[in-house]
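Here is a short report on the packing of one protein chain. Please look over the sequence and the structure before reading on.

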Amino acid sequence: MRKPVIAGNWKMYKLLGEAVDTALTLKPLVANANHCEVVIAPVFTALKSVADRVEGSNIRVSAQNCSTEAKHGAQTGEVAADMLRDVGCSHVIVGHSERRQFYGETDATVNLKTKAVIQTGLTAIVCVGEKLSERESGNAESVVKTQLKGSLDGLTVADMERIIIAYEPVWAIGTGKTATPEQAQEMHGVIRRSLAESHGRDVAEATRVLYGGSVKPDNIRSLMDQPDVDGALVGGASLDAESFAQIVNYKV
Ligand code: PEP
């Protein structure tokens, strides 16, 4: 059985005090959510304070990015995965479409970051997803499969225990346009079959595949009803503790 994961990506929102307030408000609201893992991803500068405040609760903390380099060194502006573990992170989001689109991240970069995360003993939430033009031209499936293959290149079966995939169609991120549950299920099936080809059936069956793209309290249930949707990566609707808690508590 795959335990669902509901993760909130706070992107470049919230000053330190706001991030801590949101985390503290969220804590009691999701305290009984035993049906899923709850993850929040604040900005770098809020990670330690948020992690300290949620310690001992069922909320885990994720970074939104990390360096391709595991080794400390002259890498101005970068943050290594073990520095994230050091401040209380258990997860790191890698290859988010905003990083691919605005910061030139390629599958090769995502692959290096994913390896750095795994080597540090953290879990990587690896994002894949097609653009609108790619869907309209009928290439969504091949785009996602290529991203998946490149991002996970060289990972062993054991490494895959530390991988969560997030399928986030770019046309659905922050647009209010959600993939229909059927569209999500279809691509999640493609992803699971692709994982079976690359790492075997057991890995494919065990790997959580999250959906991301305008997930809200009123559409989470129909998405979670799909057999291959194992949770959600939530952007906008995770910024407000009450609305994120409603998503986490979709089952309650
Ligand atoms: C995201 O940033 O990963 C995301 C899915 O955003 P939103 O929920 O706002 O579409």
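## Loops and backbone outliers

In which loop does Lys14 lie? Lys14 sits in the loop between strand 1 and helix 1. The model is predicted. In it, Lys14 takes a positive phi of about 80°, although Lys14 is not a glycine.

Ser214 is another non-glycine residue with a positive phi, here about 55°. Ser214 belongs to the loop between strand 7 (209-212) and helix 10. Its relative accessibility is 9%, so Ser214 counts as buried. A glycine also has a positive phi: Gly56, just after helix 2, at about 85°.

## Nonpolar cores

The largest nonpolar core holds 68 residues. Those with the most contacts inside this core are Ile6, Leu152, Ile163, Ile165, Ile191 and Tyr211. Apart from this core lies another one, of 11 residues. Val5, Ala7, Cys127 and Ala166 are among its members. In soluble globular proteins, nonpolar side chains tend to be buried together.

What does Leu152 touch, leaving aside residues up to four places away in sequence? The list is Asn111, Val126, Met160, Ile163, Ile165, Leu195 and His199. Of these partners, Ile163 and Ile165 also appear among the core residues with the most contacts.

## Helix 7 and its two neighbours

Start with helix 5 (residues 107-119) and helix 7 (residues 140-151). Their axes come within 7 Å and cross at roughly 40°. That angle makes helix 5 oblique to helix 7, because angles from 35 up to 65 degrees fall outside the parallel and perpendicular ranges. The crossing is right-handed. From helix 5, the contact uses Asp107, Val110, Asn111 and Thr114. From helix 7, it uses Thr146, Gln147, Gly150 and Ser151. By class, this contact has 1 nonpolar, 6 polar and 1 charged residues.

Now take helix 8 (residues 181-199). The axes of helix 7 and helix 8 come within 10 Å and cross at roughly 40°. Helix 7 is therefore oblique to helix 8. This crossing, too, is right-handed. Helix 7 supplies Ala140, Glu141, Val144, Lys145 and Leu148. Helix 8 supplies Met187, Val190, Ile191, Ser194 and Leu195. The classes here are 7 nonpolar, 1 polar and 2 charged residues. Ile191 of helix 8 is also one of the core residues with the most contacts, and Leu195 of helix 8 is also touched by Leu152.

## Helix 11 and its surroundings

Is helix 11 (residues 241-248) largely enclosed or largely open? Of its 8 residues, 6 are buried, so helix 11 is largely enclosed by the rest of the structure. The buried residues are Ala241, Ser243, Phe244, Ala245, Ile247 and Val248. Their cover includes strand 1 (5-9), helix 1 (16-29), strand 2 (37-41), helix 10 (220-224) and strand 8 (231-234). Gln246 also has its place in helix 11. At 47% relative accessibility, Gln246 counts as partly exposed. The C-alpha atoms of Gln246 and Ile220 are separated by 9.2 Å. Along the chain, Gln246 and Ile220 are 26 residues apart.

Helix 1 packs on helix 11 at an angle of about 35°, with the axes 9 Å apart. The crossing of helix 1 and helix 11 is right-handed. Helix 1 contributes Thr22, Thr25, Leu26 and Leu29. Helix 11 contributes Ala241, Glu242, Phe244 and Ala245. The contact divides into 5 nonpolar, 2 polar and 1 charged residues.

## Helix 2 and helix 4

Which residues of helix 2 (residues 47-54) are buried? They are Leu47, Ser49, Val50, Ala51 and Val54. These buried residues pack against helix 1, strand 2, strand 3 (59-63) and helix 3 (81-86). Helix 1 and strand 2 are also part of the cover over helix 11.

Ser97 has its place in helix 4 (residues 97-102). Its relative accessible area is 10%, under the 20% limit, so Ser97 is buried. Beyond residues up to four places away in sequence, Ser97 touches Val170 and Ile173.

Definitions and conventions. Residues numbered from 1 in each chain as written. Predicted model: local features only at pLDDT ≥ 70, side-chain atom pairs only at ≥ 80, totals over all residues. Heavy atoms only, no water. Core = buried A, V, L, I, M, F, W, Y, C linked by side-chain atoms within 4.5 Å. Buried < 20%, exposed > 50% of the residue type's maximum accessible area, 1.4 Å probe, protein only. Contact = heavy atoms within 4.5 Å. Axes fitted to C-alpha atoms, helices over the stretch in contact; angles between N-to-C directions. Helix = DSSP H or I, 4+ residues; strand = E, 2+ residues; numbered from the N terminus. Parallel < 35°, antiparallel > 145°, perpendicular 65-115°, else oblique. Left-handed = near helix turned anticlockwise from the far one by under 90°. Nonpolar A, V, L, I, M, F, W, Y, C, P; charged D, E, K, R; others polar.
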